[in-house]
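Please look through the structure shown below with an eye to how its charged and polar side chains are arranged. The paragraphs after it are meant to be read with the coordinates open.

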Amino acid sequence: MIMGLINRAVCGYLAILCFYMFICLTHNSNLALANELAMNLDVGSTPSLNDKTKEKTEKKWSVSGSAGIQFDDNVNSDPIDTTSDEGDIAAVLDVSLGYQLLKKSFVDLDVSYDFSHTRYKENFEFDLVSHSSSMYAAKEVNGLDLSIYYGYTRSYLSGDDFLGLHNTDASIGYALTDIIYGTLSYNNQNKDFVSANERDSTLHGNEVTGYYFFNEAKSFLKLAYRFEVEDTFGSEFDFNAHYGRIGARYGFDLPLVKQVAALTFDYEFNKKFYDSLTLSIADKRIDYGHYIKFGAEVPFNEHLVFLTNYEHSHVRSNLDSTDLDQNIVTFSMKASY
């Protein structure tokens, strides 16, 4: 299955390379430069230190969408520890709408709506649809970047109502130097499962993250630590967890289209300690996982970007049924306006 994923990935890369060469040869080289800091390993997780990011047009609306194909060698649903042990191909679609309610006022305030759909060719029971609405407020006070985020997501698994998630995040960011930036954040989540009520929970998380920028702020290194405590309706699923993460992004100019492309790397290790005995093993459950992700972003112009990712997950537990090895390769095109 892994060799099959690699073969498909190679074919996909060759096709995209040919398409990209065609675009480069026919593209108008006078288009404006793209935002040099389109550099998030995770959406919204990376601060912006380049003044050019403040020179955007004053439009209030934003819209983006991406469509692609995903090759998964072990389809699963992580929130309920369900694994198929089967590979499949999926179509993936994401759409995002944003509106700027307030700007250059006592606070910056944005609202957004996001739609996500993953549809498998054969494993229909893992098809996932999500609708999310959110609000984000930010303000700078005495050199501190203060922000608060609230979002609500409703997810449907195989067409059935599956999960409601309330997510609140408050953070403080500070530029220690021109190239070093740090954040402290607190996260609260409330999960409401439609059928797996024993997994209904409240989660509290605290995270500290540091960034080191270089290469004219087009590239960075990232280091983060996170601690979580989750209190579930069924005490068997209560846990506390530690997360360590390192990431890197390297941005470089594409002279033919005068855009900034990027290569990304992300590694996470986590360990979860469950509070209560798991009856099936007559012991307290302990999980640990390694997650590796490589990505590439290749812009064709200031609006259109090709994205590809490879993800590997290796999860082990003294509850053998939750062990997981998974490889995912994704190709997609994203348009933003």
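What follows moves from the salt bridges to a charged surface patch, then to a polar contact and to some loop residues.

The model is a predicted one, and the values given here are all to be read with that in mind. Side chains of opposite charge can pair when their charged atoms come close. Over the whole structure, a search finds 14 salt bridges, and a few of them are taken up here one after another.

A pair to begin with is that of Glu-297 and Arg-249, whose side chains meet in a salt bridge with an N to O distance of 2.4 Å. Because Glu-297 belongs to strand E14 (residues 283-299) while Arg-249 belongs to strand E12 (residues 239-254), this pair ties together parts that are 48 residues apart in sequence. Arg-249 has a relative accessible area of 3%, and so it is classed as buried.

Strand E14 covers residues 283-299, and the next pair can be looked for in that part of the chain. The side chains of Asp-287 and Arg-285 form a salt bridge, at 2.8 Å from N to O, and both Asp-287 and Arg-285 are buried. This pair does not stand by itself, since Asp-81 and Arg-199 are linked with Arg-285 and Asp-287 in a network of salt bridges.

Is the acidic partner buried or partly exposed in the salt bridge between Asp-161 and Arg-154? The closest N and O atoms of Asp-161 and Arg-154 are 3.1 Å apart, and Asp-161 has a relative accessibility of 33%, so that this residue counts as partly exposed. Partly exposed is the class that lies between the limits of under 20% for buried and over 50% for exposed, which is why the value of 33% for Asp-161 falls into it.

Charge also gathers on the surface, where Asp-85, Glu-86, Glu-122 and Glu-125 make up a patch of negative charge. Of these residues, Glu-122 can be placed in the loop between strand E5 (108-120) and strand E6 (128-141), and Glu-122 is exposed, with a relative accessible area of 53%.

Strand E6, which comes after that loop, also holds Ser-130. At a relative accessibility of 12%, Ser-130 counts as buried, and its side chain makes a polar contact of 3.0 Å with the side chain of Ser-155.

Two loop residues deserve a look for their backbone angles. Ser-158, in the loop between strand E7 (144-157) and strand E8 (160-175), has a phi near 55°, which is a positive value in a residue other than glycine; with a relative accessibility of 37%, Ser-158 counts as partly exposed. Ala-282, in the loop between strand E13 (259-278) and E14, likewise has a positive phi, near 50°, and is not a glycine; its relative accessibility of 63% makes Ala-282 exposed.

The last stop is Gly-87, which sits in the loop between strand E3 (82-83) and strand E4 (88-102) and counts as partly exposed at 24% relative accessibility. Which distance separates the C-alpha atoms of Gly-87 and Ile-328? The separation is 9.6 Å, although Gly-87 and Ile-328 are 241 residues apart along the chain.

Definitions and conventions: Residues are numbered from 1 along each chain as its sequence is written. This is a predicted model: local features need pLDDT of at least 70, side-chain atom pairs count only at pLDDT 80 or more; totals for chains, interfaces and linings use all residues. Side-chain values use heavy atoms; hydrogens and water are left out. Patches are made of residues with over 30% relative accessible area and no salt bridge: like charges are joined within 9 Å, nonpolar side chains (Val, Leu, Ile, Met, Phe, Trp, Tyr) within 5 Å. Accessible areas come from the Shrake-Rupley method with a 1.4 Å probe; for residues, only the protein chains shown count as cover. A salt bridge is a side-chain nitrogen of Lys or Arg within 4 Å of a carboxyl oxygen of Asp or Glu. Lys and Arg count as positive and Asp and Glu as negative; His and the chain ends are not counted. The place of a charge is taken as NZ of Lys, CZ of Arg, CG of Asp or CD of Glu. Helices (H or I, at least four residues) and strands (E, at least two) are DSSP runs, numbered from the N terminus. Buried means under 20% relative accessible area, exposed over 50%, partly exposed in between (1.4 Å probe, protein chains only). A polar contact is a pair of N or O atoms within 3.5 Å; within protein, one must be able to donate a hydrogen and the other to accept it, and residues adjacent in sequence count only if both atoms are side-chain atoms.
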